[in-house]
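The exercises below ask you to read features from a structure, one step after another. Try each task with the sequence and the model in view before you turn to its solution.

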Amino acid sequence: MKASTPGTALLAGALVVLVAGGVWLAPRLHPGAAAGDCDLGERACVQALADGGQLTLSITPRPIPTLAPLTVRVEISGSTLTPTAVDFQGVDMDMGSNRAPLVADATPATPATPATPARGADGQAARSFSGSLQIPVCSSGRMRWQANVRFAGEASAPAFHFWSGASRQGRPSALAQAEVAGGDFTLPGADGGRVRPISLHEFRGKAVLLYFGYTYCPDICPTSLTLIREALAQLSSEERRRVQVLFVSVDPARDTPEHLRDYLGFFAPEMIGLVGDREETARVARAWGAFYQVQPADEKGRYSVDHSAFTTVIDGEGRFVGRLAHGSPSAEIVAALRPLLAGTR
Ligand SMILES: [Cu+2]
């Protein structure tokens, strides 16, 4: 289609208005870039709005649970804007689109005391909205999220941030303990060019790092594997021979032993990938305290798998030693391995 000159001018004019409008809207709806510093995982966060109003967003329960529903609550006062939804996005990794639609809370009929309800700067009663959703997790460790409140008319407030999992201050110590049944297991894996059943007990005498993940994982697994690779590089060749990394796929529908071998070879050739059927995978994960949940596929059939992202440390007797939280620096991984390699435990 070819636009006439007046049509083009009109379009250009509309574009100028749109851009100018956007420029005008942007600073007005983004008055507090520092709002992102408020951690919703710790408290309710407040933002000033363009029209002098005030927006408060809170999430319960806290600490933010994993794989459990969240209730979000938006309170707005002194503003004509109407919030319609809160969009949640993973900051460290793309976890898809997660929207909590907001429904206006019923206005309290008669305030119990003359002082209520809360009033905004202009003296208008605060309106409140709530919704709930479940945010996916790919980590039992902390994971950064952002929340954007959307308004009718598609405008959205700047991002609020929060962390799921452990709080910002309380990062788990290097080796966390857990109630783990553990035990031997056997799953198909690629041993060089040959696929065969591989058992944990084959690695007696070695320190084992056991990780549950999947090769399509966009961010969390590669991060963990990179840190493990860095840790392995810090060991002497003698120490390194006595460490075995086992990567159990939580995505048996897509991962194969060969695919895992090629993927893991990128990080360290001695890592072994194991992939069983659904039941076997679930049994091993349960025994070692890992969890995962396959998410619904999008229209193109793509899906992600939420999963715990700690690394389990197992001693030379096949016993649980502890867990390294996701993102543990390589030095912490080495520190967890050294006592096992030295035979001091
Ligand atoms: Cu992953």
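**Exercise 1. Find how many aromatic pairs there are, and describe the pair of Tyr211 and Phe247.**

Solution. The count comes to 4 aromatic pairs, where rings of Phe, Tyr and Trp (its six-membered ring) pair if their centres lie within 6.5 Å, and planes under 30 degrees apart count as stacked, over 60 as edge-to-face and the rest as tilted. One of them joins Tyr211 and Phe247, which are stacked, at 5.7 Å centre to centre and with 20° between the planes. Tyr211 belongs to strand S12 (residues 207–213) and Phe247 to strand S13 (residues 243–249), so this pair ties together parts that are 36 residues apart in sequence. Strands (E, at least two residues) and helices (H or I, at least four) are DSSP runs, numbered from the N terminus. Tyr211 is buried at a relative accessible area of 0%, and Phe247 is likewise buried at 0%; buried means under 20% relative accessible area, exposed over 50%, and partly exposed in between (1.4 Å probe, protein chains only). As a last step, follow the ring pairs onward: they link Tyr211, Phe247, Tyr263, Phe266 and Phe267 into a cluster.

Two notes on reading these values: this is a predicted model, in which local features need pLDDT of at least 70 and side-chain atom pairs count only at pLDDT 80 or more, while totals for chains, interfaces and linings use all residues. Residues are numbered from 1 along each chain as its sequence is written, and side-chain values use heavy atoms, with hydrogens and water left out.

**Exercise 2. Identify which protein atoms are donors of the copper ion, and place them along the chain.**

Solution. Donors are N, O and S atoms within 2.8 Å of the metal (3.2 Å for Na, K and Ca), and water is not among the atoms, so sites may look incomplete. The protein donors here are Cys217 (SG), Cys221 (SG) and His307 (NE2), which lie 2.0 to 2.3 Å from the copper ion. Along the chain, these donors follow the spacing C-x3-C-x85-H. Because Cys221 lies in helix H2 (residues 220–233) and His307 in strand S16 (residues 305–307), the pair ties together parts that are 86 residues apart in sequence. Cys221 is buried, at a relative accessible area of 0%, and His307 also counts as buried, at 0%.

**Exercise 3. Trace the surroundings of strand S17 (residues 311–314).**

Solution. Begin with a general point: in a regular strand the side chains alternate between the two faces of the sheet. In S17, Thr311 and Val313 on one side and Thr312 and Ile314 on the other are all buried, and both faces are thus covered. Next, look for the neighbouring strands, bearing in mind that two strands pair if DSSP finds at least two bridges between them. S12 and S17 run antiparallel and are joined by 4 bridges, with Ile314 as the bridge partner of Val208. S17 is also joined by 4 bridges to strand S18 (residues 320–324), again antiparallel, and Thr311 stands opposite Leu324 there. Finally, S17 and S18 form a hairpin with 5 residues between them, and Gly318 in the turn has a positive phi of about 80°.
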